[in-house]
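Here is a short walk through one protein model. Keep the structure open while you read.

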Amino acid sequence: MNRRGFLKRAGLAGAALAASRLAPAWAQAATVPTVEEVQDIEHLNGGLMEVLGIDFSKLEPSDQVTINAPEIAESGANVPVEIVSDLAPSEVRGIHCFVDKNPFPHIFSMSLGPKAAQTYFATRIRIGETAPVRVVVETADGRYLLASHVTRVTVGGCG
């Protein structure tokens with residue numbers, strides 16, 4: 001092996017070692033926490049009681065409701081959110097959105113009109129810090145279906 005070959009291999013080995021030491025920190029910084037890690041049920045219950053008159057224990061997690069939102073939002077001031085449900089519009093009494101850690105957890109409530117073709121709603125919301133976005137679909141038969149999605153916020157949007 002000549003000097004040039006040795007220097008190339010040593011340089012590549014050094015770069016690989018440096019990258020392996022940096023990768024875990026970079027990967028950890030980009031991960032999105034789970035709902036359980038960032039939820040604030042006590043604060044959320046205040047909004048649920050005010051709007052729906054129920055607490056968190058009455059909500060049923062459901063696959064019939066889906067939230068499409070970014071996992072990481074560069075700014076919490078303008079976060080796109082889509083709500084989709086497999087339920088027919090006639091089966092839905094209301095759609096309510098909450099963010100656990102916002103100063104006021106209730107974001108909006110809406111109902112679908114009689115001519116709605118599908119249970120779908122898209123908007124942009126403010127998120128103050130990394131927290132679960134919760135959607136509660138109130139059904140015509142009195143159930144409250146829950147969907148949750150964590151959005152990691154790098155710059156808060158509520159203050």
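Two strands count as paired if DSSP finds at least two bridges between them. Strand S3 (residues 72-73) and S9 meet that mark, with 2 bridges joining them in a parallel run. Within this pair, Ala-73 faces Val-153 of S9.

Now step back to the whole chain. The model is predicted. The protein chain holds 3 helices and 9 strands. Read from the N terminus, the order is α-α-α-β-β-β-β-β-β-β-β-β. Of the 159 residues in the protein chain, 36% are buried. The chain exposes about 9400 Å², and carbon and sulfur atoms supply 54% of that area. Contacts reach far along the sequence: among those between residues at least 6 apart, 69% join residues at least 24 apart.

Return to S9, which spans residues 144-153. Which other strands pair with S9? Strand S1 (residues 60-61) does so in the parallel sense, over 2 bridges. There, Glu-60 has Leu-145 of S9 as its bridge partner. Strand S8 (residues 131-139) pairs with S9 too, in the antiparallel sense and over 8 bridges. In that pairing, Arg-134 stands opposite Ser-148.

S8 and S9 also form a hairpin, with 4 residues between the two strands. Look at Gly-142 in the turn: its phi is positive, at about 90°.

Why is S9 described as largely enclosed by the rest of the structure? Buried here means under 20% relative accessible area. In S9, 8 of the 10 residues are buried, so the strand is largely enclosed by the rest of the structure.

Notes
Residues are numbered from 1 along each chain as its sequence is written. This is a predicted model: local features need pLDDT of at least 70, side-chain atom pairs count only at pLDDT 80 or more; totals for chains, interfaces and linings use all residues. Side-chain values use heavy atoms; hydrogens and water are left out. Buried means under 20% relative accessible area, exposed over 50%, partly exposed in between (1.4 Å probe, protein chains only). Contact means heavy atoms within 4.5 Å. Accessible areas come from the Shrake-Rupley method with a 1.4 Å probe; for residues, only the protein chains shown count as cover.
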